[in-house]
Amino acid sequence: AVRTRADGSPEDRAELAWDVRAAGERVDKAAVRWVAGVEELSLAGLAPLRPGGPPRLRLERGADGALAAALDALDPDRLTTADAMADALEVGARLGRWATAQRGERSPIALRAADVARRAQGRLTVLAAAADKGSGFGAPAPWAATARALAWRPADDEKAARKRVKDADACPPRSPTLAAGLEGVEAEPAPAGGSVASCWDAYVTDTVGAATSGGDPVALARLFLAIADRPHRAFVAGMLADRLREKVALDARGGIVLPGAAARDRASRAIVYAALLRGVGLGAPPPAPRADELAAWALVQRDPQGGYGSPLATRSVVRALLAWVPDGAQPTRVTVIAGGARRAVDLAAGGAIDVPLDAKTTTVRLEPHGAPFIARLEQPMLRPWWQTPDDAAAPARIDVVWPDRPVAGETGTLRVVLRHALGRPTTIDARLPLPPGVTLAAPVHGARQVQGVIVVRATADASPLPTTLELPVRFALAGKVTVPEARARLAFEDAPRAVAPARAITIAARAAPAR
């Protein structure tokens, strides 16, 4: 705090303040279980995570709670890519129709869905316009995302309606990769007058051939979900459903087998289970689990934020859940045993209940009497910065080098090293939180300071060699401070983040001037 006073003038004051928080990242941990019999959920053994708040137990029967949570996961404010905006628009439109039919157009979830769809549509329009102008703000023109979005715009949007009719005759661009082909199939327009353009037939056939010959179960699941709602592709959809069940070795209890990387990835598991649930009743009738059991496996993939690992996976699960009709209408009586206390609650079909727990609770036992349900035992946690998360799957990498001997009142050079392993050009976004009193000392192209964080956007070529940025920073205060973790991720693609570890630095006091 600084105060200045001069004769005949009012006092002038300036004050700067920083919140000193625990040195770590706030995360949510959850134990999720499909409860069909006596079950025990536990959050014990999460070291080195430390509790950051009281635990909570949420019981959900049916998909209503999961569908509402998906809107939070697809909030356009947290999405960056055109494909993710198209996913949010579709989910918002689908859930808006569902909520309006179930509860009326003024229900909270219908209004929330409409808001998500509106904002996603606006941001997708901005991204597409920026890409068309070549401003560098957006990725290459997202034709598949904009084409997909057309089907979910409001019915009174005349311009969109005219464009749908025009696009029904348009042919898709050639797809160099299977991933691009899968995105393109999602954008196939509805048949015009019962007729399908031959170019779209060829496009879908080529993509089906690439997916079935490659043998990737996640690609098969994505392709099946892309055509499952297209009646003119019903025969192909049945064939893909059979192949997917065979590829993942689906057993009568709903267990599957996925390759190592996919088995560890929440989004991959969620997409496969969404396809298996959506495929119930299609193809040859195998000895498969019931729809309720497959829905359970899909629902337990949900993370504490309401998503399923990626916007694409969240959209896939939402589509499958909306086609699922849960069994049973009678309430389920659940006895909750936690910390020596017993409590009985009635869980209605399609309902959700939050059960309060003691702050020290780590284990909960559930004894149900009635239809199965989903139980989620969650707790806010703190991950200490010294326990760096695993970012081996991140395609981007970041290293941050602070000046060796920073001095208060002087400037230094902050070196940021970015690299990637994609083998093609891309754009990388980085966020570098600053310790107290440190600011960007001069304007730098591609970098700006926003409320104590330096935000960097760098264009990288196909080379694996690093891109280095040198940022001038000014140190205002002396002392020993902790620099929080820096993070980097692909700007226009959904991919895991990379983390540069936190570190302690000592800022020396400025030497007093000689007299």
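1. Salt bridges come to a count of 48 in this structure, which is a predicted model. A few of the pairs, and one network, are worth a look as you turn the model around.

2. Take R33 and E39 to begin with. These two residues form a salt bridge, and their closest N and O atoms are 3.0 Å apart. How exposed is each partner? R33 has a relative accessible area of 30%, so this arginine is partly exposed. E39 is partly exposed as well, because its relative accessibility is 22%.

3. The next pair sits within a helix. R112 and D115 both belong to helix α3 (residues 108-133), where three residues, about one turn of the helix, set them apart. Their salt bridge has its closest N and O atoms 3.7 Å apart. Please note the exposure here too: R112 is partly exposed at a relative accessible area of 24%, and D115 is likewise partly exposed at 24%.

4. Which side chain does D429 meet in a salt bridge? The partner is R457, at 2.7 Å from N to O. This pair links distant parts of the chain, since D429 lies in strand β14 (residues 426-433) and R457 in strand β17 (residues 453-460), 28 residues apart. R457 is partly exposed, with 32% relative accessible area.

5. Finally, do have a look at the network. Salt bridges with shared partners join the acidic residues D83, D87, E90, E186 and D229 with the arginines R94, R148, R278, R315 and R319 into one network.

How values were computed: Residues are numbered from 1 along each chain as its sequence is written. This is a predicted model: local features need pLDDT of at least 70, side-chain atom pairs count only at pLDDT 80 or more; totals for chains, interfaces and linings use all residues. Side-chain values use heavy atoms; hydrogens and water are left out. A salt bridge is a side-chain nitrogen of Lys or Arg within 4 Å of a carboxyl oxygen of Asp or Glu. Buried means under 20% relative accessible area, exposed over 50%, partly exposed in between (1.4 Å probe, protein chains only). Helices (H or I, at least four residues) and strands (E, at least two) are DSSP runs, numbered from the N terminus.
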